[in-house]
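Q: Can we walk through this one together? I'd like to start with the pockets and then move on to the sheets.

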Amino acid sequence: MTDANAAPDTTTTDESTPVLYRADRIISQRTDDTGASEPEGFAVAAGRIRATGSFAALRDRFPGAPEVDFGHATVVPGLNDAHIHLAMAATDLLHLDLSAAAVDTVDALLATVTAEAARTAPGEWVRGSRYDDVKTGRITRRELDRAAPGHPVLVVHVAGHWGVVNSAALRALGIDEDTPAPDGGDFGREADGRLDGRLIERALMNVVYPATARGDSPLTPNSPQDRLRGLQRAQELWHAAGLTSICDALIAPDDIALLRTARDQDRLTLRTGMLLSIDHYAKARALGVGSGFGDDLLRFVGVKAFLDGAIGGRTGLLAEPYADPSCGGPDGHGLQTTSTEELCAQVREVHAAGDRIGVHANGDAAIRIVLDAFEAAHRELPRPGLRHRIEHCTLIDDGILARMKALDAIAVPFAGYAGYHGGALNAWYGPERTERMFAHRSFLDAGVTVAGSSDYPCGPYEPLLGLQSMVTREGIEDGAKVGPSQRVTAAEALRIFTLGSAEAEGTAHHKGRLAPGHLADFTVLGENPLTIDPHGISAIPVRATYVGGQRVHEEVAR
């Protein structure tokens, strides 16, 4: 990195006129330890950063270059969410928003469903997502029956691993009191043993997630045109939150077609990596598609597999039972959604092909099974430099950390869960375990690469909320302390959401820093997240967002 008082550096030879940018503060994410001051500005041309340094030196080098002065603002490398669901959001945004922010009571949720049913043709599905039973209240098939008796209704929980349907939906799905639960899933029941409308894990996935569904679903897919509209809306929201890059962590062939269409029509503005569902991997391999396929706008990062349930859904596979006896299913330990034998075969296949696999594993029992599979694959066929990922990797201990470090595995934990769920996490898992959950501090101290992730729609997509949650480890609504020993500094949190995420997708050589030769992706913030009161990080305004030197968001003047 160039000293601010020295001539700006460059790694390119193209001398075409760039655009010069400056701000009161630029956080470049230097990786050296020289102690050199941050640059006053940087030059951008052809989508990359040409040079950094003092603004006077930049002007001298590029006379007549246009200038952009952000004034009292802080410029940071573009924020990068290593595990989020863009294609899923493109569909969800076409249906009801049943989040706690939109409907904070059961009555409000049911009124929203009733109103939507009135606008929907008889017999057609009414769908909504991001329902939070803790914040909004519990619903069953009975309440949904009253809200929309003439329509099948599906309400997906915010964790994405269970949902609630009404009686009409159960009939449409061919589910009755005697229907056996699918492998890796379950049907919720009342105290008297009757179905309460909950579809849990595989029982839900087989209905609502095409990337993992096993069998046909009665849900009518949204048209490609409608999904493009939803995709555009998601990108607008995420750019406004400061995101320049994401990794969509569950992709099916139809999703790839959607993203390619958006790209071909110049409507894809968010750099998008993809984790392809393991169920579609064989076809991708036959077409010669593997990790790293694509380019800087749309590329395959690797393959996605599942092992257990969700943290917010209280179905993750734990070694010890949940602290709350109402959580964790029949035996209180959560659910394993894929057999150990099947997972090992999946890991072996992807590893042997030289591709990266990311396995969804929340509970400590699940993570140990994943590590067993990774270690076995490396023993059978050593592949130095092939770094697999553990998606979420929520509940850890010293043994897990040591094994991950030895494998050079990458952790992709939730950034915003402590802030979003607050004290509910202590109730579900117990305070001792929350000190080992979303363990950003432990990962950093152990030298394990850790990336920033929201897992939206399962958690808030705003990366600044994720930064605040990592730094404070306090519930944003209730102020509850959730594993405070896992706090990180604001500088560390920012690196996790930039360089850490770039490492998780294999692009750290040209993404995650404001440095010559790197992609010109940057986020302009109204305050400095490294010096502001950490409790205010989530409220920092995003003034502008740039991808490849092109502005994709600008704050509307008030």
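Q: How do the residues lining the largest pocket divide into nonpolar, polar and charged?
A: This is a predicted model. The lining of its largest pocket has 21 nonpolar, twelve polar and seven charged residues.

Q: What volume does the largest pocket have?
A: About 870 Å³. Its lining takes in 40 residues.

Q: Which of those are closest to the centre?
A: Thr91, Val208, Pro210, Arg227 and Asp255.

Q: Which element gives the most to that lining?
A: Helix 9, with six residues. Helix 9 spans 253–264. Other elements that supply at least two residues each include helix 2 (86–92), helix 7 (202–208) and helix 8 (224–240). Strand 9 and strand 10 do so too.

Q: Switching to enclosed space. How many cavities of 30 Å³ or more are there?
A: The count comes to seven. The largest has a volume of about 120 Å³.

Q: Which residues lie nearest the centre of the largest cavity?
A: His85, Met88, Gly160, His161 and Phe306. The lining holds 15 residues. By class, seven are nonpolar, six polar and two charged.

Q: And the second largest cavity, what is its volume?
A: About 60 Å³.

Q: Which residues line the second largest cavity?
A: Among them are Pro77, Gly78, Leu79 and Asn80. Thr244 and Ser245 also line the second largest cavity. So do Lys511, Gly512, Arg513, Leu519 and Asp521. Strand 7 (79–84) and strand 14 (243–251) each supply at least two of the lining residues. The classes come to three nonpolar, five polar and three charged.

Q: Strand 7 again. What is the strand order in the open sheet of seven strands?
A: The order is 7-14-15-16-17-18-19, with parallel pairing.

Q: Why is one side of strand 7 left without a neighbour in the sheet?
A: Strand 7 stands at an edge and has a single partner strand, so one side has no neighbour in the sheet. The same goes for strand 19 (410–412).

Q: What does the twist average from one strand to the next?
A: In this sheet, 25°.

Q: Let's zoom in on strand 16 and strand 17. How many bridges join them?
A: Four. Strand 16 covers residues 298–306 and strand 17 covers residues 357–361, and they run parallel. One bridge partner pair is Lys304 and Gly358, the latter in strand 17.

Q: Which helix packs on the sheet there, touching strand 16 and strand 17?
A: Helix 11, residues 340–352. Its direction makes about 160° with that of strand 17.

Q: Now the other sheet. In what order do the six strands come?
A: This open sheet runs 8-9-10-11-13-12, and the pairing is mixed. Strand 8 (96–97) and strand 12 (185–189) are at the edges, each with a single partner strand, so each has one side without a neighbour in the sheet.

Q: In which sense do strand 10 and strand 11 pair, parallel or antiparallel?
A: Antiparallel, over three bridges. Strand 10 is residues 153–157, and strand 11 is residues 162–165. Val155 stands opposite Val164 in strand 11.

Q: Which helix lies across strand 8, strand 9 and strand 10?
A: Helix 3, residues 106–118. It runs at about 155° to strand 9 (126–131).

Q: Aromatics next. How many aromatic pairs are in the whole structure?
A: A search finds 18. Take Tyr21 and Phe522: their ring centres are 5.2 Å apart and the planes are at 65°, so this pair is edge-to-face.

Q: Where in the chain do Tyr21 and Phe522 sit?
A: In distant parts, 501 residues apart. Tyr21 is in strand 1 (residues 19–22) and Phe522 is in strand 20 (residues 522–525).

Q: Last topic, the backbone. Which residues does the cis peptide bond join?
A: Tyr456 and Pro457, with omega about 15°. Pro457 lies in the loop between helix 17 (440–446) and helix 18 (463–472).

Q: And what about phi of Glu201?
A: It is near 50°, a positive value in a residue other than glycine. Glu201 lies in strand 13, residues 195–201.

Technical notes
Residues are numbered from 1 along each chain as its sequence is written. This is a predicted model: local features need pLDDT of at least 70, side-chain atom pairs count only at pLDDT 80 or more; totals for chains, interfaces and linings use all residues. Side-chain values use heavy atoms; hydrogens and water are left out. On a 1 Å grid over the protein atoms alone, a cavity is a set of points where a 1.4 Å probe fits but cannot get out, and a pocket is an open set with protein on both sides within 12 Å along at least five of seven lines; lining residues have an atom within 4 Å of a point. Grid points are joined across faces, edges and corners, and a volume is the space filled by probe spheres set on the points. Ala, Val, Leu, Ile, Met, Phe, Trp, Tyr, Cys and Pro count as nonpolar, Asp, Glu, Lys and Arg as charged, and the others, Gly among them, as polar. Two strands pair if DSSP finds at least two bridges between them. Contact means heavy atoms within 4.5 Å. Axes are lines fitted to C-alpha atoms, for helices over the stretch in contact, and angles run from 0 to 180 degrees between N-to-C directions. Rings of Phe, Tyr and Trp (its six-membered ring) pair if their centres lie within 6.5 Å; planes under 30 degrees apart count as stacked, over 60 as edge-to-face and the rest as tilted.
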